[in-house]
Amino acid sequence: EVNGDILGTAEDFVKIEGLQFQLTNAFSDKVGIAISGQTAGSKIYINNNIIKGVLSGSGSHTALNLASSNTTFYIYNNLIYNFNINSSSGILVNNSGGTHYIYNNSISNCIIGINKPELSTVVAKNNLLNSCTTPASGTFSVGTDYNATNNASMGYTVTGNGNTHDRVNQAFIFLDATNKDFHLSSTDTSAKDAGADLSA
């Protein structure tokens, strides 16, 4: 898509799975996937997607804009990269009443990896936040832990300070980061086998 948001929905109980998006934009404040307008009790699943930014100009863009209050979001196993100009975000939690489970995502080369300016519930686990100016921003909920970054700080605060397994200052080894293959190499010791077991 050029010069516009790629996908948006106000439908309840939606699952967006297994898609690849590229947001190419030189205009202001565009979004890869925008979620808003759901009724109370809705559940939204966004998983196994790849979202790439090819951005320029003065805008602050977002790969995922989660703007629906009173909705439960399940955001997992996504790859997001190159939302890297101005104040762009990989994931923007843009509502004051939702609950968000953000697990097992790889976010690379973004200004803010996970941006939570609102007073909503966000639990983030097993996210790899690579080469982001600010890996995560805001106050995250209890249970947030096991996230990893190559920065000196994760950037967020966690209610109760329970994020004792977060890993900072890591040197991730990817199979081929130059060509955007962000699978971890078998020789990686920074994130490989360091996450929480979420199989249950």
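Select Glu17 and Asn47 first: Glu17 stands opposite Asn47, a residue of strand E5. The model on screen is a predicted one. Now widen the selection to whole strands. Strand E2, residues 14-17, pairs with E5 in the parallel sense, over 4 bridges.

Keep E5 selected and add strand E8, residues 72-76. E5 and E8 also pair in the parallel sense, over 5 bridges. To find one place where they face each other, pick Ile46, which stands opposite Ile75 in E8.

Next, go to the loop between strand E5 (43-47) and strand E6 (50-55), where Asn48 is placed. What is the sign of phi at Asn48? Phi there is near 60°, a positive value in a residue other than glycine. Asn48 counts as partly exposed because its relative accessibility is 34%, and partly exposed covers the range between 20% and 50%.

A second residue of this kind is Ser131. Select the loop between strand E15 (128-130) and strand E16 (134-137) to find Ser131. Its phi is near 55°, again a positive value in a residue other than glycine. With a relative accessibility of 38%, Ser131 is partly exposed.

Return to the strands and select E4, residues 31-35. Is E4 mostly covered or mostly open? Strand E4 is mostly covered, with 5 of its 5 residues buried. Add strand E1, residues 7-9: E1 and E4 pair in the parallel sense over 3 bridges. Leu7 has Ile33 in E4 as its bridge partner. Then add strand E7, residues 62-66, which runs parallel to E4 and is joined to E4 by 4 bridges. Here Ile35 stands opposite Leu66 in E7.

Now show the aromatic side chains. The structure holds 7 aromatic pairs. Start with Tyr101 and Tyr103, whose ring centres are 6.2 Å apart and whose planes stand at 70°, so this pair is edge-to-face; the cut-off for that label is over 60 degrees. Tyr101 is partly exposed, with a relative accessible area of 29%. Tyr103 is partly exposed as well, at 21%.

For another pair, select Phe172 and Phe174. Their ring centres are 6.0 Å apart and their planes are at 45°, so the pair is tilted. Are these two residues buried or exposed? Phe172 is buried, and so is Phe174.

Go back to Tyr101 and Tyr103 and add Tyr45 and Tyr74. Ring pairs link Tyr45, Tyr74, Tyr101 and Tyr103 into a cluster. While Tyr45 is in view, select Lys15 too. Lys15 lies over the face of Tyr45, at 5.7 Å from the ring centre.

The last stop is the largest pocket, which has a volume of about 520 Å³. Which residues lie nearest its centre? They are Asn104, Ser106, Asn126, Leu128 and Leu184, out of a lining of 25 residues. Colour the lining by residue type: it divides into 10 nonpolar, 11 polar and 4 charged residues. Finally, select strand E21, residues 181-184. E21 gives the most to the lining of this largest pocket, with 3 residues.

Key. Residues are numbered from 1 along each chain as its sequence is written. This is a predicted model: local features need pLDDT of at least 70, side-chain atom pairs count only at pLDDT 80 or more; totals for chains, interfaces and linings use all residues. Side-chain values use heavy atoms; hydrogens and water are left out. On a 1 Å grid over the protein atoms alone, a cavity is a set of points where a 1.4 Å probe fits but cannot get out, and a pocket is an open set with protein on both sides within 12 Å along at least five of seven lines; lining residues have an atom within 4 Å of a point. Grid points are joined across faces, edges and corners, and a volume is the space filled by probe spheres set on the points. Helices (H or I, at least four residues) and strands (E, at least two) are DSSP runs, numbered from the N terminus. Ala, Val, Leu, Ile, Met, Phe, Trp, Tyr, Cys and Pro count as nonpolar, Asp, Glu, Lys and Arg as charged, and the others, Gly among them, as polar. Rings of Phe, Tyr and Trp (its six-membered ring) pair if their centres lie within 6.5 Å; planes under 30 degrees apart count as stacked, over 60 as edge-to-face and the rest as tilted. Buried means under 20% relative accessible area, exposed over 50%, partly exposed in between (1.4 Å probe, protein chains only). A charge sits over a ring if NZ of Lys or CZ of Arg is within 6 Å of the ring centre and within 35 degrees of the ring normal. Two strands pair if DSSP finds at least two bridges between them.
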